[in-house]
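Student: I have the sequence and the model open side by side. Could we go through the labels people attach to a structure like this, and ask what earns each one?

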Amino acid sequence: MASRTARSTPACRHKWNDARVDPFSSWPPVAEVLRARYQRRLPGSLEELAGPVRGHVELPLHVAWSGLRAYDLGRRRQRMSLYRTVLAEGQRADLVAFLNHDLLLAQWPDLRTLISRHIRIVWEEAFLELTHGASSAPA
């Protein structure tokens, strides 16, 4: 019984339990992690984005795992929602399959205000042609 008492004394605590040691201090900032995640997914060029320009699109569950999965590209709000979802949740193959180069460029000035700052920064740094018509949303 004496050994249990000795283990619970402050001198015997593990360093991770010590309030003075932060086990997360060596982790990279969240912004770096998110940006790296989105950078890994980028296509080599915007021309690779060969998704449809009209019709109906149904996203797979791994992309649209919550909420709306079927979109009508003829309806602006649904098209913007599809692009927002694919940019946030899609892998590289999904980006290429569901996004279209011309549509992305045309709606980027509005779309960039609907996506996260991390996604916007990664895409605009990788593809300068996105910034040429983009509105000046805060960074």
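Tutor: Sure, starting with confidence: pLDDT is the predictor's confidence in each residue, from 0 to 100. In this predicted model the protein chain has a mean pLDDT of 84, and 76% of its residues reach 70 or more. Over residues 135-139, though, the pLDDT is below 50, and that stretch has nine contacts in the model beyond near neighbours in sequence.

Student: Any ground rules for reading the rest?

Tutor: Two. Numbering runs from 1 along each chain as its sequence is written, and side-chain values use heavy atoms, with hydrogens and water left out. As the model is predicted, local features need pLDDT of at least 70 and side-chain atom pairs count only at pLDDT 80 or more, while totals for chains, interfaces and linings use all residues.

Student: What makes a stretch count as a helix or a strand here, and how many are there of each in the protein chain?

Tutor: Both are DSSP runs numbered from the N terminus: H or I over at least four residues for a helix, E over at least two for a strand. The protein chain has six helices and two strands, in the pattern α-α-β-β-α-α-α-α along the sequence.

Student: Why is Q107 called buried?

Tutor: Buried means under 20% relative accessible area, exposed means over 50%, and partly exposed is in between (1.4 Å probe, protein chains only). Q107 has a relative accessible area of 6%, so Q107 is buried. Q107 sits in helix α5. Contact means heavy atoms within 4.5 Å, and, leaving aside neighbours within four places in sequence, Q107 is in contact with R79, M80 and Y83.

Student: What about H101: why does H101 get that label at 17%?

Tutor: H101 has 17% relative accessibility, and therefore counts as buried. H101 is also in helix α5. With neighbours within four places in sequence set aside, H101 contacts L46, E47 and L49. H101 and V53 are 48 residues apart in sequence, yet 9.3 Å apart C-alpha to C-alpha.

Student: And A36: which label fits a relative accessible area of 28%?

Tutor: Partly exposed, because the relative accessible area of A36 is 28%. A36 belongs to helix α2. The C-alpha atoms of A36 and V122 are separated by 8.6 Å, with their positions 86 residues apart along the chain.

Student: How do you know that α6 is mostly covered?

Tutor: Seven of the ten residues of α6 are buried: H118, I119, R120, I121, V122, W123 and E124. What covers them includes α2, α3, α4 and α5. For the protein chain as a whole, 32% of the 139 residues count as buried.

Student: What makes a group of residues a nonpolar core?

Tutor: The members have to be buried Ala, Val, Leu, Ile, Met, Phe, Trp, Tyr or Cys residues, joined through side-chain atoms within 4.5 Å. The largest core here has 29 residues, and L59, L87, L104 and W123 touch the most other members. Elements giving two or more residues are α2 (30-41), α3 (76-89), α4 (92-98), α5 (101-111) and α6 (117-126). Of these, α3 gives the most, with five residues. As for L104, its contacts outside four places in sequence are L46, L49, Y83, L111, W123 and L130.

Student: Why is the pair of W123 and F127 called tilted?

Tutor: Rings of Phe, Tyr and Trp (its six-membered ring) pair if their centres lie within 6.5 Å; planes under 30 degrees apart count as stacked, over 60 as edge-to-face and the rest as tilted. W123 and F127 are 5.4 Å centre to centre with 50° between the planes, a tilted pair. The count by this rule comes to one aromatic pair. Both W123 and F127 are buried.

Student: Which residues lie nearest the centre of the largest pocket?

Tutor: S66, S81, R84, T85 and E89, out of 14 lining residues. α3 gives the most to that lining, with five residues. On a 1 Å grid over the protein atoms alone, a pocket is an open set of points where a 1.4 Å probe fits, with protein on both sides within 12 Å along at least five of seven lines, and lining residues have an atom within 4 Å of a point.
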